[in-house]
Amino acid sequence: MVTAAFGTEVRVKHGWHPETADVIIVPGGGRPGEPGIWAEIENGALPSALAAAPRPRLIMSSLCTGAVLLAVAGLVDGRPCTTHTVAKQQLTSRGGIVKNARVVDDGDLVTAGGITSGLDLGLHLVKRELGADVAVRVEEALEYQARGTIWTR
């Protein structure tokens, strides 16, 4: 069971298996003293698991303040990344090179800004991994067109 910010509980069907994953997407959210990234940072288990997860061909990704969890895990040190506006200083102070973009693609590290940037993150990953034609079909199904800056190396 995963407890999200505001107490939403999500039951996952399969446990943590980064050795078989193609992409790990770390969501953000929460405030100090509440469920969310700050509780996970304090607990320490998730940052440790994230630190141990990278391997060839695995894409580590985050949405919103999930990038701060990646930073605590040591995965953004000296790398271009982004997060929600309110956490950009936190990300910088933890070693990230923050870019002003909705999505920052640094190869095996792909981060997105706050909340609605998650749509752009998903569409970017679809385009990157499956091609522009598939991404256009997904945009049509969502009735949403990707927008804003995507920073790539």
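Aspartate 105 counts as buried in this predicted model, because its relative accessibility is 9%, and the cut-off for a buried residue is under 20%. The partner of this acidic side chain is arginine 128: the two form a salt bridge in which the closest N and O atoms are 2.9 Å apart. Aspartate 105 belongs to strand β7 and arginine 128 to helix α5, and the pair links distant parts of the chain, 23 residues apart. Arginine 128, with a relative accessible area of 33%, is partly exposed. The salt bridge therefore has a buried residue at one end and a partly exposed residue at the other.

Arginine 128 also meets a second acidic side chain, that of glutamate 129, in a salt bridge with an N to O distance of 2.9 Å. Glutamate 129 has a relative accessible area of 45% and is therefore partly exposed.

Another resident of helix α5, which spans residues 117–130, is histidine 124. With a relative accessible area of 11%, histidine 124 is buried. Its contacts, leaving aside neighbours within four places in sequence, are Val103, Asp105, Val110, Ile150 and Thr152. Aspartate 105 thus appears in two roles: it is in contact with histidine 124, and it forms the salt bridge with arginine 128 described above.

How many salt bridges does a search of the whole structure find? The search gives 7. One of them joins arginine 79 to aspartate 108, with the closest N and O atoms 2.6 Å apart. Arginine 79 lies in the loop between α3 and β5 (80–81), whereas aspartate 108 lies in the loop between β7 (103–105) and β8 (109–112), so this pair ties together parts that are 29 residues apart in sequence. Arginine 79 counts as partly exposed because its relative accessibility is 21%. Aspartate 108 is likewise partly exposed, at 40% relative accessibility. Returning to glutamate 129, its bridge to arginine 128 can be set beside a network in which salt bridges that share partners join Arg79, Asp106, Asp108 and Arg153.

The next point of interest is serine 62, which is placed in strand β4, residues 59–63. Is serine 62 buried or exposed? Serine 62 counts as buried, because its relative accessibility is 0%. Its side chain reaches the backbone nitrogen of alanine 67 at a distance of 3.4 Å. When residues up to four places away in sequence are not counted, serine 62 touches Val26, Ala67, Leu70, Val110, Thr111, Ala112 and Leu121. Alanine 67 is thus both a contact of serine 62 and the residue whose backbone nitrogen the serine side chain reaches. Val110 also deserves notice, being touched by serine 62 and in contact with histidine 124.

Following strand β4, the loop that leads to α3 (66–72) contains cysteine 64. Cysteine 64 counts as buried because its relative accessibility is 13%. Its backbone has a positive phi of about 60 degrees, although the residue is not a glycine. Most residues other than glycine have a negative phi. Arginine 57 also has a positive phi, of about 70 degrees, and is not a glycine. This arginine is placed in the loop between α2 (45–52) and β4. With a relative accessible area of 75%, arginine 57 is exposed.

The cysteines raise the matter of disulfides. A disulfide is a covalent bond between the sulfur atoms of two cysteines. A search of the whole structure finds 0 disulfides. Cysteine 64 is in no disulfide, and the nearest cysteine sulfur, that of cysteine 81, is 13 Å away. Why is there no bond between the sulfur of cysteine 81 and that of cysteine 64? The two sulfur atoms are 13 Å apart, which is too far for a bond, since a disulfide requires sulfur atoms within 2.5 Å. Cysteine 81 is buried, with a relative accessible area of 0%.

At the surface, Val2, Val10 and Val12 form a nonpolar patch, and together they have about 220 Å² of accessible area. Valine 12 is found in the loop between β2 (9–10) and β3 (23–26). This valine counts as partly exposed because its relative accessibility is 45%.

Conventions
Residues are numbered from 1 along each chain as its sequence is written. This is a predicted model: local features need pLDDT of at least 70, side-chain atom pairs count only at pLDDT 80 or more; totals for chains, interfaces and linings use all residues. Side-chain values use heavy atoms; hydrogens and water are left out. Patches are made of residues with over 30% relative accessible area and no salt bridge: like charges are joined within 9 Å, nonpolar side chains (Val, Leu, Ile, Met, Phe, Trp, Tyr) within 5 Å. Accessible areas come from the Shrake-Rupley method with a 1.4 Å probe; for residues, only the protein chains shown count as cover. A salt bridge is a side-chain nitrogen of Lys or Arg within 4 Å of a carboxyl oxygen of Asp or Glu. Helices (H or I, at least four residues) and strands (E, at least two) are DSSP runs, numbered from the N terminus. Buried means under 20% relative accessible area, exposed over 50%, partly exposed in between (1.4 Å probe, protein chains only). A polar contact is a pair of N or O atoms within 3.5 Å; within protein, one must be able to donate a hydrogen and the other to accept it, and residues adjacent in sequence count only if both atoms are side-chain atoms. Contact means heavy atoms within 4.5 Å.
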